[in-house]
Amino acid sequence: LAMGMQAVLCPKVDRDTVFKSLGKFDLAFAAPLHYRYLAELIDKCDDLSMIQALITGGDKITAEELREIRAILTRKGFKGEILNGYGNNEGLGAETVNPITYNKLGSVGIPLYGNVVAAFDENNRELKINELGELCVKTSTMFVEYAFKPEETDKIKQLHEDGEYWIHTGDLGRVDEDGFVHVEGRLRRVIIRRAFKIFPGTIEKTIKKHKAVKECITIGVNDEEELSKAENDFTTQIEVLSVAMAFIVLNDDIPYDEKTVIEELKLLCEKELKDYEIPAYFSIISEIPYTQNNKQDFRKLEQIGNEQVEKSKPLELKTVQAQENCRFSTGIEEFDRVLGGGAEKRSAILLGGEPGIGKSTLILQICDKVKGEGIVLYVSGEESAEQIKMRADRLGINNENILFLGETDIDIVN
């Protein structure tokens, strides 16, 4: 606004507002998630030829993604650049951005006027060109303090040897030979495995080389086997003992066999990564979770990862607590006996037999008998509602708690 820009408020915002309005302006500011969404629904957009630049920040986005999104947007006349930037609340906003005249993909640009950005080691010594360390910012718009939190303030706002205060961002990064800043990840995301530091970005770049991979996030999970190895190594003294776990989202355009993909990814990692960097676990998920601020939710993935690892551990049988009242009667004594005392709650039962032997009849009878358990949904992928109703009438079943759905798609059933 200080530079003469104009901001237009939308009196009514709905899911189509962006698609209808985007092409009316020179610039747009949004998180990477929004530009990914825009590329997926590009056909809903109007002409984008007026836009000079799309500016993004607040979360990581790779050079490959920027190229792909830009290529898609050109279908609607976009001729500008997608400029990645960087900033934080402690510096009161943006601190670096790529110039429109020299957009260096993969970087977050150069410092804006009044800002200095450098990488430092754990002793607050400034690192050389392309050396990896914590990104720190010296700015004329530095925050004063966290209200009533002096200890937190001192951790972030530190006095350096030059006599100036610097913001310690907690981000891992480097400054290249042209003065462009590169963010490689969060310091807290660095995985420590038996005295070796593992940078998730290194693993993610390798895994994304596989044509089946759309997205990849690597986190550290606790590992008892790693702990036992460390206890046998008297030279190992580490606070955190963990291994890497890769969460992977597959491309939708081509069907892939998940087991085959994981085996291929293991071979790829063994070929290109150091032994201690190779993920101990691979997990394929439908989508990456995001926070309310539209940032990738690493903490959620850490929680999911540790839960998956915990479930995969063998248990001592004596430590398992058997659940009482976990079974219920189907109302058919012989069927209960075959099941070992009734059907188990939250379980799936596979009922097999030759055609015409009476499987559907038995299931319908069970649906009627268990009416005391609540609503029962009868799903059939081969018989119509009329066929089921005729069978119910023949059996004298007229139960208002039985619902019917003719469907073969499990997602629709859910």
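**Chatting through a predicted model**

Colleague: Let's start with lysine 214: what is its relative accessible area?

Modeller: Lysine 214 has a relative accessible area of 36%, so it counts as partly exposed. Keep in mind that this is a predicted model.

Colleague: Which side chain does lysine 214 meet in a salt bridge?

Modeller: That would be glutamate 40, with an N to O distance of 3.6 Å. Lysine 214 sits in strand S13 (residues 213-222) and glutamate 40 in helix H2 (residues 32-40), so this pair ties together parts that are 174 residues apart in sequence.

Colleague: And glutamate 40, is that buried or exposed?

Modeller: Glutamate 40 is exposed, because its relative accessibility of 55% is over the 50% cut-off.

Colleague: Why would two side chains like that pair at all?

Modeller: Side chains of opposite charge can pair when their charged atoms come close.

Colleague: How many salt bridges turn up in the whole structure?

Modeller: The search finds 20. One of them joins aspartate 121 to arginine 125, with the closest N and O atoms 3.3 Å apart.

Colleague: Is aspartate 121 buried or exposed?

Modeller: Aspartate 121 is buried, because its 17% relative accessible area falls under the 20% cut-off. Its partner, arginine 125, is partly exposed at 47%.

Colleague: Which salt bridge does lysine 155 make?

Modeller: The side chain of lysine 155 meets glutamate 152, at 3.6 Å from N to O. Both belong to helix H4 (residues 150-156) and are three residues apart, about one turn of the helix. Glutamate 152 is partly exposed, with a relative accessible area of 38%. Elsewhere, Lys60, Arg189 and Glu204 are joined into one network by salt bridges that share partners.

Colleague: Switching to cysteines: how many disulfides does the search find?

Modeller: Zero in the whole structure. For background, a disulfide is a covalent bond between the sulfur atoms of two cysteines.

Colleague: Okay, then is cysteine 136 buried or exposed?

Modeller: Cysteine 136 is buried, at 0% relative accessibility. Cysteine 367 is buried as well, at 7%.

Colleague: Pockets next. What is the volume of the second largest pocket?

Modeller: About 1,100 Å³. It is lined by 34 residues, and Cys367 is among those closest to its centre, along with Ile349, Ile363, Ile366 and Leu377.

Colleague: Which element gives the largest share of that pocket's lining?

Modeller: Helix H10 does, with six residues. H10 covers residues 359-369, and at least two lining residues each come from H10, strand S17 (343-344) and strand S18 (376-380).

Colleague: You mentioned Leu377. Where is leucine 377 placed?

Modeller: Leucine 377 is in strand S18. With a relative accessible area of 44%, leucine 377 is partly exposed. If you measure from C-alpha to C-alpha, leucine 377 and glycine 406 are 11 Å apart in space, while in sequence they are 29 residues apart.

Colleague: Last topic, the surface. Which residues form a nonpolar patch there?

Modeller: Met3, Met5, Leu27 and Phe29 do, and together they have about 470 Å² of accessible area.

Colleague: Which strand holds leucine 27?

Modeller: Strand S1, which spans residues 27-30.

Colleague: Why can leucine 27 be called partly exposed?

Modeller: Because its relative accessible area is 31%, and that falls between the 20% and 50% cut-offs.

Notes:
Residues are numbered from 1 along each chain as its sequence is written. This is a predicted model: local features need pLDDT of at least 70, side-chain atom pairs count only at pLDDT 80 or more; totals for chains, interfaces and linings use all residues. Side-chain values use heavy atoms; hydrogens and water are left out. Patches are made of residues with over 30% relative accessible area and no salt bridge: like charges are joined within 9 Å, nonpolar side chains (Val, Leu, Ile, Met, Phe, Trp, Tyr) within 5 Å. Accessible areas come from the Shrake-Rupley method with a 1.4 Å probe; for residues, only the protein chains shown count as cover. A salt bridge is a side-chain nitrogen of Lys or Arg within 4 Å of a carboxyl oxygen of Asp or Glu. Helices (H or I, at least four residues) and strands (E, at least two) are DSSP runs, numbered from the N terminus. Buried means under 20% relative accessible area, exposed over 50%, partly exposed in between (1.4 Å probe, protein chains only). A disulfide is a pair of cysteine sulfur atoms within 2.5 Å. On a 1 Å grid over the protein atoms alone, a cavity is a set of points where a 1.4 Å probe fits but cannot get out, and a pocket is an open set with protein on both sides within 12 Å along at least five of seven lines; lining residues have an atom within 4 Å of a point. Grid points are joined across faces, edges and corners, and a volume is the space filled by probe spheres set on the points.
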